[in-house]
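Load the model in your viewer and keep the selection tool ready. The tour goes stop by stop, with a selection at each one.

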Amino acid sequence: MTSGKSTLPETLSALRAYIAAQESGTALPSETALAEEIGSTRTLVNTAIGQLMSEGQLIRQGKKAIVQPIKTIVRQVPTRYTAAYREAQGARGAFDAEIREHGMQPRWTTEPGHAAAPEKVAQLLGIEAGTDVAVRAREMFANDVPVQVAITYIPTDVATSAGVTDIDSGTGGIISRMGETDNKQASVTETIGVRVPTEREQEQLRLPGDARVYELIHAARTAEGRCVEVTVHVMPVHMWDLSYTWDLS
């Protein structure tokens, strides 16, 4: 084994160059073979792989390290909330449309039900913490790779009138269903933070504990000012770009 690259920064640089030359989804060789290939040591390669996993350049698939198979997804606001976008070609909402727009196949699981509203959600909805609300918990995939988890909280009367208590909310998703009632959404506020994922989110999103995720809290209101939806989105930062456009007139 050669030892021309004997420091961690040098190993990281060589490994980044190696990854850049590979196709998305390619499995790396064994750490021993990779150390030989880039002129480092197995110990340094192991450490470098861990760092690149936390950055999202690599993912773990079984016992192998895989070059990140998902290209960056651009979340465009307000475009994603327009009916024309959400309902294009029968899309089941904004996520469905945006993943297809990026040339990937969307998939998601939805668990509808009821739960007590957490305090920060209750504040936005204008109700007491612990009040029973309709919830929609989703795990969301692009080309079968998990890219987002989200929990939507809706006042029970709003969910019932809009008919969004089942798994399938139909073309355009819940925003379109609310638009068919007196609870049509008229404005949106999104608050974004960055944090490490919880243990549950690490499992759902296949992330190491030192990765970073966006926590995006989306609150939608009617023209009268009533908050009718709060969704907490959790998204790996290396998979998403958040783009916001608005008129200044």
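Is threonine 110 buried or exposed? Select it and turn on a surface. The model is predicted, and in it threonine 110 has a relative accessible area of 11%. The cut-off for buried is under 20%, so threonine 110 counts as buried. Its place is strand β4, residues 106–116. Now show its neighbours. Leaving out residues up to four places away in sequence, threonine 110 touches Arg136, Ala137, Arg138 and Ile167.

**Stop 1: the sheet**

Colour the strands next. An open sheet of 6 strands runs in the order β4-β5-β6-β9-β8-β7, with antiparallel pairing. Its edge strands are β4 and β7 (187–195), each paired on one side only. From one strand to the next, the twist averages 15°.

Walk across from β4. Strands β4 and β5 run antiparallel and are joined by 11 bridges. To see one of them, select proline 106 and its bridge partner in β5, alanine 142.

Move on to β5 (residues 132–142) and β6. This pair is antiparallel too, over 9 bridges. Pick arginine 136: its bridge partner in β6 is threonine 152. Arginine 136 has come up before, as one of the residues that threonine 110 touches.

Continue to β9 (residues 227–236). It runs antiparallel to β6, with 5 bridges between them. Here isoleucine 151 has valine 232 as its bridge partner in β9.

How many of the 10 residues of strand β6 are buried? Select residues 145–154 and look: the count is 9, so the strand is largely enclosed by the rest of the structure.

**Stop 2: the hairpin turn**

Go to the loop between β5 and β6, where asparagine 143 sits. The hairpin has 2 residues between its strands. Check the backbone torsions: asparagine 143 has a positive phi of about 50°, although it is not a glycine. Its relative accessibility is 39%, so it counts as partly exposed.

For another such torsion, select arginine 206, in the loop between α9 (199–205) and β8 (213–221). Its phi is also positive, near 55°, and it is a residue other than glycine. Arginine 206 is partly exposed, with a relative accessible area of 47%.

**Stop 3: the helix on the sheet**

Select α5, residues 94–101. This helix packs on the sheet and touches β4, β5 and β6. Its direction makes about 160° with that of β4. Of its 8 residues, 6 are buried: Ala94, Phe95, Asp96, Ala97, Glu98 and Ile99. Note that Asp96 and Glu98 are in that list. Show what these buried residues pack against: β3 (73–77), α4 (83–86), β4, β5, β6 and β10 (240–244).

Step just past the end of α5. Glycine 103 takes a positive phi of about 80° there.

Then select proline 78, in the loop between β3 and α4. What is the peptide bond from valine 77 to proline 78? Check omega: it is near 10°, and the bond is cis.

**Stop 4: the N-terminal helices**

Select α1, residues 8–20. Put a distance between its end C-alpha atoms: 18 Å. At 1.5 Å a residue, its 13 residues should span 18 Å, so the two values agree. Colour its buried residues: Thr11, Leu12, Ala14, Leu15, Tyr18 and Ile19. Their cover includes α2, α3, β1 (58–61) and β2 (64–67).

Proline 9 is in α1 as well. At 59% relative accessibility, it counts as exposed. Draw a line from its C-alpha to that of leucine 44. The two residues are 35 apart in sequence and 9.4 Å apart in space.

Finish on α2 (residues 31–38) and α3 (residues 42–55). Their axes lie 8 Å apart and cross at an angle of about 100°. That makes α2 roughly perpendicular to α3. Show side chains at the contact. From α2 come Glu31, Thr32, Leu34, Ala35 and Ile38; from α3 come Arg42, Val45, Asn46 and Ile49. Colour them by class for 5 nonpolar, 2 polar and 2 charged residues.

Conventions
Residues are numbered from 1 along each chain as its sequence is written. This is a predicted model: local features need pLDDT of at least 70, side-chain atom pairs count only at pLDDT 80 or more; totals for chains, interfaces and linings use all residues. Side-chain values use heavy atoms; hydrogens and water are left out. Buried means under 20% relative accessible area, exposed over 50%, partly exposed in between (1.4 Å probe, protein chains only). Helices (H or I, at least four residues) and strands (E, at least two) are DSSP runs, numbered from the N terminus. Two strands pair if DSSP finds at least two bridges between them. Contact means heavy atoms within 4.5 Å. Axes are lines fitted to C-alpha atoms, for helices over the stretch in contact, and angles run from 0 to 180 degrees between N-to-C directions. Angles under 35 degrees count as roughly parallel, over 145 as roughly antiparallel, 65 to 115 as roughly perpendicular and the rest as oblique. Ala, Val, Leu, Ile, Met, Phe, Trp, Tyr, Cys and Pro count as nonpolar, Asp, Glu, Lys and Arg as charged, and the others, Gly among them, as polar. The expected span of a helix is 1.5 Å times one less than its number of residues.
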